[in-house]
Amino acid sequence: MRAQRSEEKYINEIFKLDDEELLSVKAELEAHKLGFMSISGHEARLLQFLIRGFCVRKIVEVGTLFGYSALAMAKVLPEDGRLITIEKNPQNFAIAQKFFDSSSVAERIDARCGGGEEILAEIEKEGPFDMVFIDANKSGYITYLNWAEKNVRPGGLIVGDNTFLFGAMWGQSDDREAGPKQIQVMREFNQRLADPSKYNSIIIPTSEGMTIAQLPISGQSCRQEPIAVESGDL
């Protein structure tokens, strides 16, 4: 399980997801001892908040695992919304597909099995997309970011999970040690998304970090000039 601070436990109590379909996925993850690899309930609520708040209709997810995050996101898409989720591991894909097929939002989910780079190249013609959620192999985050920058619409979202890299971003990795390449890639990923001239962005301090960045609207910079206020307006 992911280590949770007291405040995270409280947030999960208040903003937990009691949906039976999502709880079934969580139970399957725990049965396979993979619960630590999935986002938590309140992180799923955060993704749902972004989808609703930014009028997201078309999502690409890189890294399906058993389908918890994909299912949570699909549940708040509009009826004509669509989520393409990519999973490299055939065993994980088969389990996720089982949950998708039996879900109430099966028609909104397009699950694809294969390498991230290959499938991303295949779906470029289906864009632009409103949001890309990256939660896959950490050494591939720059590759996925490069793709997202070209295929997410102006004003759309790029979201990356595990962006603290288990504490490696400040030199305090836990027992899941990150390699030098993963550390270099994640530092570049966060630094690029932190550029205020290119993105409206922030890292949400979940247990493992979630970086959220909005691309600028065409013709507009993300850097805003201060607004002059006359004393009489106060």
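Biologist: At roughly what angle do the axes of helix H7 (residues 141–151) and H8 cross?

Modeller: Heads-up, this is a predicted model, where local features need pLDDT of at least 70, side-chain atom pairs count only at pLDDT 80 or more, and totals for chains, interfaces and linings use all residues. Numbering starts from 1 along each chain as its sequence is written, and side-chain values use heavy atoms, leaving out hydrogens and water. Helices (H or I, at least four residues) and strands (E, at least two) are DSSP runs, numbered from the N terminus. The axes (lines fitted to C-alpha atoms, for helices over the stretch in contact, with angles from 0 to 180 degrees between N-to-C directions) come within 9 Å for H7 and H8, and they cross at roughly 30°.

Biologist: So is H7 roughly parallel or roughly antiparallel to H8?

Modeller: The cut-offs are under 35 degrees for roughly parallel, over 145 for roughly antiparallel, 65 to 115 for roughly perpendicular, and oblique for the rest. The crossing is roughly 30°, which makes H7 and H8 roughly parallel.

Biologist: Which residues of H8 make the contact with H7?

Modeller: Contact means heavy atoms within 4.5 Å. By class, the patch has seven nonpolar (Ala, Val, Leu, Ile, Met, Phe, Trp, Tyr, Cys and Pro), one polar (the others, Gly among them) and three charged residues (Asp, Glu, Lys and Arg). H7 brings Tyr141, Ile142, Leu145, Asn146 and Glu149, and the H8 residues are Val185, Met186, Glu188, Phe189, Arg192 and Leu193.

Biologist: Which residues of H7 make the contact with H6?

Modeller: The axes of H6 and H7 come within 11 Å and cross at roughly 5°, and that makes this pair roughly parallel as well. By class, the contact has five nonpolar, two polar and one charged residues. From H6 come Gly116, Glu117, Leu120, Ala121 and Ile123, and from H7 come Thr143, Tyr144 and Trp147.

Biologist: Which strands stand at the edges of the sheet?

Modeller: Seven strands form an open sheet with mixed pairing, in the order E3-E2-E1-E4-E5-E7-E6; two strands pair if DSSP finds at least two bridges between them. Two of the strands have a single partner each, so one side of each is left without a neighbour: E3 (109–113) and E6 (200–204).

Biologist: By how many degrees are neighbouring strands of this sheet turned against each other on average?

Modeller: The sheet is the open one with mixed pairing. With direction ignored, the average turn between neighbouring strands is 15°.

Biologist: What angle does helix H8 make with E7?

Modeller: Helix H3 (residues 41–53) packs on the sheet, touching E1, E4, E5, E6 and E7, and its direction makes about 5° with that of E7. Helix H8 (residues 180–193) also packs there, touching E4, E5, E6 and E7, and its angle with E7 is about 35°.

Biologist: What is the bridge partner of Phe129 in E5?

Modeller: E4 (residues 129–134) and E5 (residues 152–161) run parallel, joined by five bridges. In E5, the partner of Phe129 is Val152.

Biologist: Which residue in the turn between E6 and E7 has a positive phi?

Modeller: E6 and E7 run antiparallel with five bridges, and Asn200 stands opposite Gln214. They form a hairpin with five residues between them, and the one with a positive phi, about 85°, is Gly209.

Biologist: In which loop is Pro128?

Modeller: The peptide bond from Gly127 to Pro128 is cis, with omega near 0°. Pro128 is in the loop between H6 and E4.
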